[in-house]
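Here are a few exercises for getting to know a new structure. Try each task yourself before you read the solution.

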Amino acid sequence: MARSKEIAPHVGRFSRSTLAAKRGLYKGLKKSEKPAAAPAPETVEKTVGGDKNGGKRAVPTTKAPRFYPADDVRVPKQSRKTPKPTHIRPTITPGTVLILLAGRFRGKRVVFLKSLESGLLLVTGPYKINGVPLRRVNQAYVIATSTKVDISFTLDAKFTDAYFTKTASKKSSSAEAEFFEDGKPKAKEPLPESKTADQKAVDESVVAAVKKSENLAKYLAASWGLSKGQFPHQMIF
């Protein structure tokens, strides 16, 4: 094997590329291929007793299942991961006034009602005060304030994640009608009367609790924002 002798401390006689060419490294490393394992035979010949049985018989190495489904059945992929329940921040308790930081109602102050199974927060404006309806928000996009509303009423158990899922409506219009309606704003679907009644029922209880504190309604109606030179991490809410 070619070696590069030093003509000075840490200075070789040949360059790195010249030495690689002399050593033949461009040919690649030699790889020893392992011999492929012989495939297992599908059948094994066994001797069978009896004069009329032929003496020998081919028996399959793997026994076929006794029953099998007529159609292919999809087996769900098994996962060892277990979902952990979402940990709500200790500063967020029922009745806490939150500031929304993202979404359609960013900058609005809302009242926290309860946490849902999905980990989202159920909040309301209430709608009568600042126009924020019952909705779900992520706790990562809210600021918890020290202001609290005394919520002593019991919230209906129907307010779950399934309550906010939209029902899939089948399209009755044809493809030709959709082609000519291209560019036009879609007709807005009316809100169900049941949800409107639920909003009024919740707002009635929350507004009654808000009126117990002086100027709390004005505080919820006012929007929140930052001016030049203000930093949220230096503020106390």
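Two strands count as paired if DSSP finds at least two bridges between them. Keep in mind that this is a predicted model.

**Exercise 1. Find out how many bridges join β6 to β7, and in which sense the two strands run.**

Step 1. Start with the count: four bridges join β6 to β7. The cut-off is at least two, so the two strands pair.

Step 2. Now the sense: β6 and β7 run antiparallel.

Step 3. Look at some residues that face each other. Lys114 stands opposite Leu122 in β7, and Val111 stands opposite Thr124 in β7.

Step 4. Check the hairpin too. Five residues sit between the strands β6 and β7, and in this hairpin Gly119 takes a positive phi near 95°.

**Exercise 2. Put the strands of the open sheet in order and say which ones are the edge strands.**

Step 1. Get the overall picture. The protein has five helices and nine strands, and along the sequence they follow the pattern β-β-α-β-β-β-β-β-α-β-β-α-α-α.

Step 2. Pick out the sheet. Five strands form an open sheet with antiparallel pairing, in the order β8-β7-β6-β5-β9.

Step 3. Find the edges. β8 (135-137) and β9 (142-148) each pair on one side only, which makes them the edge strands.

Step 4. Add the twist. On average, neighbouring strands of this sheet are turned by 45° against each other, direction ignored.

Step 5. Zoom in on one more pair. β5 and β6 pair in the antiparallel sense over three bridges, and Ile99 stands opposite Arg109 in β6.

**Exercise 3. Work out why β6 can be called largely enclosed by the rest of the structure.**

Step 1. Count the buried residues: β6 has seven residues, and five of them are buried.

Step 2. Draw the conclusion. Because five of the seven are buried, β6 is largely enclosed by the rest of the structure.

Step 3. For background, look at the whole chain: of its 237 residues, 20% count as buried.

**Exercise 4. Decide whether Thr96 is buried or exposed, then list what surrounds this residue.**

Step 1. Place the residue: Thr96 lies in strand β5 (residues 96-100).

Step 2. Compare with the cut-off. Buried means under 20% relative accessible area; Thr96 has 0%, so it is buried.

Step 3. Follow the side chain, which reaches the backbone oxygen of Thr93 at 2.7 Å.

Step 4. List the contacts, leaving aside neighbours within four places in sequence. Thr96 is in contact with Thr91, Val110, Val111, Phe112, Ala144, Thr145, Thr147 and Lys148.

**Exercise 5. Check whether the span of α4 agrees or disagrees with its number of residues, then see where the helix packs.**

Step 1. Take the expected value. At 1.5 Å a residue, the 18 residues of α4 should span 26 Å.

Step 2. Compare: the end C-alpha atoms of α4 are 25 Å apart, so the span agrees.

Step 3. Look for the buried side. Among the buried residues of α4 are Asp198, Val202, Asp203, Val206 and Val207. The buried residues of this helix pack against β6, β7 (121-124), α2 (127-130) and α5.

**Exercise 6. Find the residues that touch the most other members of the largest nonpolar core, and the helix that gives this core its largest share.**

Step 1. Name the residues: in this core of 16, Leu122, Leu134 and Val149 touch the most other members.

Step 2. Trace the elements. Those giving two or more residues are β6 (109-115), α4 (193-210) and α5 (216-221). The largest share, four residues, comes from α4.

Step 3. Explore around Leu122. Beyond four places in sequence, its contacts include Val111, Leu113, Leu134, Leu155, Phe159 and Phe164.

Step 4. Don't stop there: a second, separate core of 13 residues includes Val110, Phe112, Val123 and Val137.

**Exercise 7. Find where Pro126 lies and which residues it touches.**

Step 1. Locate the residue: Pro126 is in the loop between β7 and α2.

Step 2. Judge its exposure. Pro126 counts as buried because its relative accessibility is 0%.

Step 3. List the contacts. Not counting residues up to four places away in sequence, Pro126 touches Gly131, Val132, Asp203, Val206, Val207 and Leu220.

Step 4. Compare sequence with space: Pro126 and Ala217 are 91 residues apart in sequence and 9.6 Å apart in space, C-alpha to C-alpha.

Note on methods: Residues numbered from 1 in each chain as written. Predicted model: local features only at pLDDT ≥ 70, side-chain atom pairs only at ≥ 80, totals over all residues. Heavy atoms only, no water. Buried < 20%, exposed > 50% of the residue type's maximum accessible area, 1.4 Å probe, protein only. Polar contact = N/O pair within 3.5 Å; in protein donor to acceptor, adjacent residues only side chain to side chain. Contact = heavy atoms within 4.5 Å. Core = buried A, V, L, I, M, F, W, Y, C linked by side-chain atoms within 4.5 Å. Expected span 1.5 Å × (residues − 1). Axes fitted to C-alpha atoms, helices over the stretch in contact; angles between N-to-C directions.
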